[in-house]
Amino acid sequence: MKRLLSTLALCGAFGLAAAGAQAAKLDQIKSKGFIQCGVSQGLPGFSTPDDKGNWTGIDVDFCRAVASAIFDDPTKVKFTPLSAKDRFTALQSGDIDILSRNTTWTISRDTSLGLNFAGVIYYDGQGFMIRKDKKVNSAMELSGASVCTQTGTTTEQNLADFFRANNMTYEVIAFATNDEVVKAYDAGRCDVLTTDRSGLAGERLKLTNPDDHIVLPEIISKEPLGPAVSHGDDQWFDIVKWVYFAQLNAEELGVNQKNVEEQLKSANPEVKRLLGTEGKFGEGMGLTNDWAYRIVKHVGNYGEMYDRNVGPDTPLKLARGVNALWNKGGLQYGMPIR
Amino acid sequence: MNVPAEPFAAEIVAVDDHTFVRREMQAALPPPRRQVGIIGWMRENLFSSILNTILTLVGIALVLLIVPPLVRFLVIDAVWTGDNREACLAPGTGACWPFVKAKFGQFIYGFYPIDQRWRVNVVFALGAALLAPLLVLSWPGKKLNAFLFFGVYPVIAFILLTGGNINASAFLLQRFNLIRPLTGDVTVAGLNVAFWADYILTAVGAGLGALLGNARGLARAVAATMLVLGVIILAWDIDFGLQPVETRQWGGLLVTLVIAVTGIVTSLPLGILLALGRRSKMPIVRLLSIIFIEFWRGVPLITVLFFATYMLPLFLPTGTNPDGLLRALVGVAMFTAAYLAETVRGGLQAIPKGQYEGAMAMGLTWGQMMRLIILPQALTLVIPSIVNSFISLFKDTTLVLIVSIFDFLGQLRAAFTDPNWASPVTLYTGFAFAGIVYFLFCFGMSRYSMFVERRLDTSHRH
């Protein structure tokens, strides 16, 4: 018994020592030399492998921005493709440093699941797509419709809430994978296809005649998608948060990948503080003072990141909408750097 | 009729002038036209009864229904060149082959760094070069060949694929430090002194112990094992200057083949041992074999993979985090071994008792009896079932997608999400390609098994 107790005590001491010895995330990352970034197993525009096997997408670019701020090198990221089920486990177990996987910021995830959301990379929301020849112009006219959706997602729940709240009947036709949903809708097995609006833009590309379909104006759920880190390391949380704000501020101040070298000579105090020619804001986070300059140089500002991956010139053709800057009628608001 | 030529015949004719005696065989008439040639063959094989006629007509209708549209989609209407989805958007286009072409590298290598892919090619080529002569039964030098393929090749493949230099000695030193005082990280020429001192002392100690216990065979076995292990550890410790590539970056056909081949190669000997164990007269061996087999047969493969990936780390001490692919590999090998064990047991039971008794009467030991008499016959009997297991193992590898390992099919699904290639036909093209690839592998295995069966089927046909 005595031996058992001493063993237990020893184990306890070890546990404590281990907890105390655990280095700050930033130091760990600096010593291992890369960021481990959790992304999706493939979502158009957010994280998807390109022809050369490089991960691309807005979620991916954000991880590259964080890597640029720390290492001055956007390639110092390793990506872990995660399914929706194991994404939180991977973050909690320390398997990944950032979860940048189109994850909706909700209270349960932010609190009881132990996540800290750094910001909203993309304000999304669930929408409906329907054939033009159905002559429906509003989701309120959808009573009695059959709706195609994916099983086991919040999409199904939102759908039920919306139709119940508006006293409408509907029939749900659910499939296990996204591809099946699209094929079923394309084959006319249901009247309406529902998923997040960014997803609708991606699915539309797979339809036989994309122009025969419209996306209805109603958005029936709020899906603020953003990168998250786990509880317990405020410095790391701050860095991820301010990488996001720096990208927003850069867009607001007109600093972009092309002109960032000239902007280093700018007399504008806000630009100077952003690019680190004035003040020591980077060092306050454990980074160098030119951290934001590195981000813009390697990845660009928020607008560039958006346009490159999901914007009007990409196959997805998503307009900025609510994701425009606050002074252009959108919701993206970068906290001031000073 | 004919005027008899021989004198003997003339005599007979003389006796009775009106008797007709045929003196030579009449030439056979040609068979009725309806029973020879194409018509006859068709009558016999396709339209021999009403039921068969109906079945034939249905079959022809099905072929006509399926094949022309398939050919039209895959070949005639297919798009062969293009840089992005624009090429495949025209209405009525068939398969979008440029998509497969653009993603081909990923289908084969996954996220393996492009400038390192030659290493995978070398592993593939070496594997094919060693496997081909092993499969041709008449080729000489089977023993050397088998040793190279099963013994040397895995070590080389491991070094080439991962980059080697995994510091196995330091890892082992942490876990099995047999002689406590010898810890430390003093290295000479990159080799951990403490580990090798420990290793050699252990080997010599074990060998001497066996010798003193007057077990010369055991001592030899210990020496051989320690030598082989030592060479492997040494090979994995040397820095060959290859860039390390973690298994996270592996994917595509590479992962499919790694899992399938490792599964096949490790599960067969394990399965044979388990089958022998289950039929053993030693109660503990038998019980353990039964428990092992029934446990692994009782759980679905998907559960095994899930458990190995997400539950196992919770039980292991922190810091021990075996590689994800390795965990999947072990899971698949155990799972297949349990199935193979039952297959082999079926073969063992089919061997008449006389064979066992005959072997024993000859004075063979149990090992000799199994190796020389029983197993060759038993395994020959169950070749179809064994290959069946291998084929289903090959196809079951796709389940590793569940645990975030991108095998061939997983890579394909990831490629579907690329907005640059999203089109109505991308999905069909991808699956058609996957179907062709899987078919080639599985069909090849099945034909080879039939060939081996015919070659070995020298004795009793029942």
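## Cavity, interface and pocket in a predicted two-chain model

In the lining of the largest cavity, α7(A) gives the most, with 3 residues. The model described here is predicted. The report treats this cavity, then the contact between the chains, and then a pocket.

**The cavity**

The structure holds 1 cavity of 30 Å³ or more, and the volume of the largest cavity is about 70 Å³. Both chains take part in its lining: chain A supplies A:Asp179, A:Val182, A:Lys183 and A:Lys206, while chain B supplies B:Phe416, B:Ala422, B:Ser423, B:Thr426 and B:Leu427. Two elements give two or more residues to this lining, namely α7 (178–186) of chain A and α18 (426–456) of chain B. By class, the lining of the largest cavity has 4 nonpolar, 2 polar and 3 charged residues.

**The contact between the chains**

How many residues does the contact take from chain A and from chain B? Chain A contributes 31 residues and chain B contributes 27 residues. The size of an interface is often given as the accessible area lost when the parts come together. For chain A and chain B the buried area is about 2400 Å², and carbon and sulfur atoms give 53% of that area.

Across this interface there are 3 salt bridges. One of them joins B:Lys103 to A:Asp51, with the closest N and O atoms 3.2 Å apart. In addition, 11 residue pairs are in polar contact between chain A and chain B, counting pairs with both residues at pLDDT 80 or more. On the side of chain A that touches chain B, the elements giving two or more residues are β2 (48–49), β4 (77–82) and α7. Of these, β4(A) gives the most, with 5 residues.

**The second largest pocket**

The second largest pocket has a volume of about 1600 Å³. Its lining consists of 48 residues, and those nearest the centre of the pocket are A:Ala84, A:Arg101, A:Gln150, A:Thr153 and A:Asn178. Elements of both chains supply at least two residues each to this lining; among them are α7 and β5 (98–104) of chain A, and α17 (408–416) of chain B.

**Residue classes**

The table sets out the classes of residues for the three regions.

| Region | Nonpolar | Polar | Charged |
|---|---|---|---|
| Lining of the largest cavity | 4 residues | 2 residues | 3 residues |
| Side of chain A that touches chain B | 11 residues | 10 residues | 10 residues |
| Lining of the second largest pocket | 11 residues | 25 residues | 12 residues |

The helix α7 of chain A links these regions: α7 gives residues to the lining of the largest cavity, to the side of chain A that touches chain B, and to the lining of the second largest pocket.

Conventions:
Residues are numbered from 1 along each chain as its sequence is written. Chains are lettered from A and ligands numbered from 1 in the order in which they are written. This is a predicted model: local features need pLDDT of at least 70, side-chain atom pairs count only at pLDDT 80 or more; totals for chains, interfaces and linings use all residues. Side-chain values use heavy atoms; hydrogens and water are left out. On a 1 Å grid over the protein atoms alone, a cavity is a set of points where a 1.4 Å probe fits but cannot get out, and a pocket is an open set with protein on both sides within 12 Å along at least five of seven lines; lining residues have an atom within 4 Å of a point. Grid points are joined across faces, edges and corners, and a volume is the space filled by probe spheres set on the points. Helices (H or I, at least four residues) and strands (E, at least two) are DSSP runs, numbered from the N terminus. Ala, Val, Leu, Ile, Met, Phe, Trp, Tyr, Cys and Pro count as nonpolar, Asp, Glu, Lys and Arg as charged, and the others, Gly among them, as polar. Contact means heavy atoms within 4.5 Å. Buried area is the accessible area (1.4 Å probe) that two parts lose on being put together, summed over both. A salt bridge is a side-chain nitrogen of Lys or Arg within 4 Å of a carboxyl oxygen of Asp or Glu. A polar contact is a pair of N or O atoms within 3.5 Å; within protein, one must be able to donate a hydrogen and the other to accept it, and residues adjacent in sequence count only if both atoms are side-chain atoms.
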